[in-house]
Amino acid sequence: MPTDQLRADLRARLERLGSAVTGHVWRLGYAARFLAYLLMHSGTALRRFRLTVKEVYFAGVLSLIIILVSGLFVGMVLALQGYETLQRFGASESLGVLVALSLVRELGPVVAGLLFASRAGSAITAEIGLMKATEQLSAMEMMAVDPVARVVAPRFWGGVISMPLLAALFSAMGIFGGYLVGVQLIGVDAGAFWSQMQAAVDLRHDILNGVIKSVAFGVAVTWIAVFEGYDAVPTAEGVSRATTRTVVMSSLAILALDFVLTALMFTGGNAG
Amino acid sequence: MQQDHIVEIRDVSFGYDAARPVLRDIDLEIPRGAVVGIMGQSGCGKTTLLRMIMGALRPSAGSVRVLGRDAAALDRAGLFAMRREMGMLFQFGALFTDLSVYENVAFPLREHTGLPGEMLHDLVLLKLEAVGLRGAAHLMPAELSGGMARRVALARSIALDPRLILYDEPFTGLDPISFGVISRLIRNLNDSLGATSLIVTHDVQEALGVVDYVYFMAAGRVIAQGTPDEIRASREPFVNQFVNGKRDGPVPFHYQAPDYAADLELAAA
């Protein structure tokens, strides 16, 4: 008897595991189909660009304060920590290079992406989820207007456009913060700070790769945000869960994508 | 004669799974120009039937003809073409919370017509005047009372002069004044627009004052039908309990439960 019991128990566990795995794979496929549908129905968002501009305002402009202030502090901390290490090797003039490369290659896109996910991504999910819960999306369907084209696509493109701009502003503000601490406070030579930075930062290898990263993060975060909102269970609890999932999933996606992109972008050159 | 029916439902059955049918053998028709009510308890299948008429669900068996089309056979483009001739009032209005009252009513016009600004402006004010809320055009939905929101939603649903107007629980949560306003509007708008209306509701007494004909549903079937007077006089026990709001009848007061004494463990004592 105990063997039968054990077997039934094992079987139940395996079934639960299997159904969880197929559930996740199914949802991933659904999200991919949703993205494909969204891209195919982006005509309205691009033709009536005013709709998208409005979303750039909500996702981008309203995120400016948190992005700029965080950028400033991250740059200031980078300069403090960087100076501490560099001066041990007598290379404190390279502080500008360290700050700029860290920001442009990594911290700008990644930290701006994480902040964007928690500030704008969660707002997008909550808004679409609540529109679903209050039947606004159904009302739109009943008015023969496709909610994916009219509500989701402008938010998606608004996020995708905003993210690289926010990352660039984050990096710029970070460099300014690094300048304030490194040059104004610690007293590193301003000429060395800027000229070494100018010589060492490469437009294609560093800046363009940073921009590519931020675009990839923008697509990932906004895709997750609009999908979670559209797929949310239309109750208060469902929308709250969807919003949490957006922040968690987008943060993980950013960090995982960052590793993959960094591996592709920056290891090839060294190997060669 | 068939053309005179705006909605025609024949032998329709439906279930999310085969074991639990939600609708069974429904036959129903809505003549042009009439205001028809579908009434019954929550969970009796009336909202499912409404979703079928909207084309959001397809029947497992039978046919649903709406505005001369087979609603079950339409693709998305066909469905949208059909819905442009329909207006729908949702239970709580479903106004777009980020748009003003004016923009809410203008929404279907902007999406579906290329009307110049001035004409669109006149039309929006005309629709708002019809529901008595021209003066509220600049307000946001959050600033409206429940009854006002319902009226704005009504103005929005008639923006494109629909041939068929659907109402999902239009009286829920309204005070007596708002209720009187909404029920008069339903009747007046139907007659002045030359439209046909379908009201799905469990507020029987209120609705019986507005409709021309009633279908009464219980457990997924139409169990009674007739004019409001016929329904009021019905001897069918369920209808009688429902119309008169009796506590006990075919629908018991108590939810199914094990024996009371056994539950309290009195039998053992």
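How many bridges join strand β1 of chain B to strand β4 of chain B, and which way do the two run? In this predicted model, the count is 5 bridges, and the pair runs antiparallel. Strand β1 covers residues 5-17, while β4 takes in residues 61-66. One spot to look for along this pairing is B:Ile9, which sits opposite B:Val64 in β4.

Zooming out a little, β1 and β4 belong to an open sheet of 4 strands in chain B, laid out in the order β2-β1-β4-β5 with antiparallel pairing. Why do β2 and β5 each have a side without a neighbour in the sheet? Both stand at the edges, β2 with residues 20-31 and β5 with residues 69-70, and each has a single partner strand, so one side of each is left open in this sense.

As for chain B as a whole, there are 10 helices and 10 strands to find. The C-alpha trace spans about 80 × 40 × 35 Å along its principal axes. Chain B has 269 residues, and 39% of them count as buried. Contacts also reach across the sequence: taking those between residues at least 6 apart in chain B, 62% join residues at least 24 apart.

Then there is the meeting of the two chains. Chain A puts 9 residues into the contact, and chain B puts in 11 residues. On the side of chain A that touches chain B, the residues break down by class into 5 nonpolar, 3 polar and 1 charged.

Note on methods: Residues are numbered from 1 along each chain as its sequence is written. Chains are lettered from A and ligands numbered from 1 in the order in which they are written. This is a predicted model: local features need pLDDT of at least 70, side-chain atom pairs count only at pLDDT 80 or more; totals for chains, interfaces and linings use all residues. Two strands pair if DSSP finds at least two bridges between them. Two residues are in contact if their C-beta atoms, placed from the backbone, lie within 7 Å. Ala, Val, Leu, Ile, Met, Phe, Trp, Tyr, Cys and Pro count as nonpolar, Asp, Glu, Lys and Arg as charged, and the others, Gly among them, as polar. A residue is buried if 20 or more other C-beta atoms lie within 10 Å of its own, exposed if 12 or fewer, and partly exposed in between; C-beta atoms are placed from the backbone.
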